[in-house]
Amino acid sequence: MQLALRWAEQAIGRSDPNPRVGCVLLNPQGGFLSAGHTQAAGDAHAEVMALRQARAQGIDPRGATAVVTLEPCSHHGRTPPCCDALLSAGIARVIVALQDPNPQVAGQGLARLAAAGVQIDLGLMADEAEALNVGFCHRMRTGRPWVRLKWAASLDGLTAHPDGSSQWITGPEARRDGQWWRRRAGAVLTGVGTVLADDPRLDVRDWPCARQPLRVVLDTHASTPATARVLQPPGDALLVHGPDTKGTQAHWQAPLGTDGRIDLAAVLDELGRRGTNELHVEAGTRLNGAWLGADLVDELLVYVAPKLLGQGRGVAQVPRALPFGDAQRWRWLDLTPVGEDVRLRLRRPG
């Protein structure tokens with residue numbers, strides 16, 4: 001299963017909106033036969049890729065064991081069901097890490113295989129498989145993408161000097177690591193303030209990436225210049241604006257909240273409908289605070305540089321004070337040195 005998970009990791013930046021799945025075929029004695037991972041949406045899934053590799057090497061997979069990180073699909077989507085491919089190949093046993101939370105599958109794949117006489121084992125390394133597909137699982141269960149909020153700050157919690165200049169707080173290793181997390185995302189989101197101040201590209205540059213994430217700009221009054229780099233290729237961009245502006249095909253009109261700003265929950269609903277699994281937010285202090293104040297962030301990705309700026313802009317301007325008794329609680333996932341800096345990852349309890 002560890003090998004299957006490593007194969008599944010190769011689908012990062014490629015398979016969205018489908019999950020990242022790996023499959024390893026073993027002979028009846030437990031020896032390795034072949035492996036594969038999910039391709040781009042509409043192309044072959046992991047099980048089919050592993051079967052193709054076996055046959056390309058002249059290997060008959062009948063009687064083999066399939067070790068799969070996610071339950072084989074049982075429905076006709078862009079591709080035929082993987083259950084049918086496994087049954088047609090004569091697979092005798094299927095070891096699965098995680099049951100598919102997709103309501104169109106949700107145990108039906110395992111049931112179909114078991115009804116045909118295939119031995120089923122479920123639950124091996126399920127936590128690892130879910131962590132790899134945290135966004136897909138979250139979207140299947142809630143209809144919304146997993147929200148990861150990223151920032152880079154000094155030791156005194158500042159993201160920029162008072163004039164807004166921020167290049168560079170962290171070192172090159174941390175910036176490259178941040179690009180890797182962008183690569184995981186189905187969409188990268190920022191606000192118009194960041195666009196006007198920094199003119200970022202928000203694309204993935206430092207890692208191989210078969211599919212650039214959708215770049216989303218929240219811009220209530222549609223004041224983003226058409227020449228902004230975030231709107232240019234490679235990849236697609238989406239400008240989210242309020243109801244008092246005219247949109248084009250690349251724009252989406254969002255409802256406004258009681259504060260007159262774009263309704264962030266509605267944005268998540270729309271991105272979920274568009275198939276976004278992981279939403280990576282890189283924004284300024286006001287928008288960071290809005291996401292946190294609305295209690296819509298699932299994970300924090302924080303880079304801390306060993307520097308003191310003295311004065312400047314903080315990481316998040318939450319709209320209201322949170323008394324100690326009502327303070328948001330987070331749990332540590334990991335603390336990792338990255339070059340001269342430190343990367344912190346935290347998630348909401350539960």
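Visitor: Which residues in α9 are buried?

Guide: This is a predicted model. In helix α9, the buried residues are L264, A266, V267, L268, E270, L271 and G272.

Visitor: So how much of α9 is enclosed by the rest of the structure?

Guide: The helix covers residues 264-273, and 7 of those 10 residues are buried, so α9 is largely enclosed.

Visitor: What happens at the start of α9?

Guide: A side-chain oxygen of D263 comes to within 3.0 Å of the backbone nitrogen of A265 there.

Visitor: And which residue follows the helix, with a positive phi?

Guide: That is G275, with phi near 90 degrees.

Visitor: New topic. Where does UniProt place the "binding site" feature?

Guide: The UniProt record, an unreviewed entry, puts it at S166, R182, L202, R205 and E282.

Visitor: Take R182. Where is R182 placed?

Guide: R182 is in helix α7, which spans residues 172-184.

Visitor: Is R182 buried or exposed?

Guide: Buried. The cut-off for that word is under 20% relative accessible area, and R182 counts as buried because its relative accessibility is 9%.

Visitor: What does R182 touch, leaving out residues up to four places away in sequence?

Guide: R182 touches V188, L202, D203, V204, R205, P213, H280 and E282. Among these, L202, R205 and E282 also appear in the UniProt "binding site" feature.

Visitor: Let's follow E282, then. Where does E282 lie?

Guide: E282 sits in a loop, with strand β12 (278-281) on one side and helix α10 (285-293) on the other.

Visitor: Why does E282 count as buried?

Guide: Because its relative accessibility is 13%, and buried means under 20%.

Visitor: What is E282 in contact with, apart from neighbours within four places in sequence?

Guide: Its contacts are K150, R182, L189, T190 and L202.

Visitor: What kind of contact do the side chains of E282 and R182 make?

Guide: A polar contact, at 2.9 Å, between the two side chains.

Visitor: Okay, strands now. How many residues of β3 are buried?

Guide: For β3, residues 65-70, 6 of 6 residues are buried, so the strand is mostly covered by the under 20% cut-off.

Visitor: Which strands are joined to β3 by bridges?

Guide: Strand β1, residues 22-26, is joined to β3 by 4 bridges. Strand β4, residues 93-98, is joined to β3 by 5 bridges.

Visitor: Parallel or antiparallel?

Guide: β1 and β3 run antiparallel, whereas β3 and β4 run parallel.

Visitor: Which residues stand opposite each other?

Guide: One pair is L25 and A66, the latter in β3. Another is T65 and R93, with R93 in β4.

Methods: Residues numbered from 1 in each chain as written. Predicted model: local features only at pLDDT ≥ 70, side-chain atom pairs only at ≥ 80, totals over all residues. Heavy atoms only, no water. UniProt positions renumbered as here; feature names shortened; annotations may be inferred. Helix = DSSP H or I, 4+ residues; strand = E, 2+ residues; numbered from the N terminus. Buried < 20%, exposed > 50% of the residue type's maximum accessible area, 1.4 Å probe, protein only. Contact = heavy atoms within 4.5 Å. Polar contact = N/O pair within 3.5 Å; in protein donor to acceptor, adjacent residues only side chain to side chain. Pairing = 2+ DSSP bridges.
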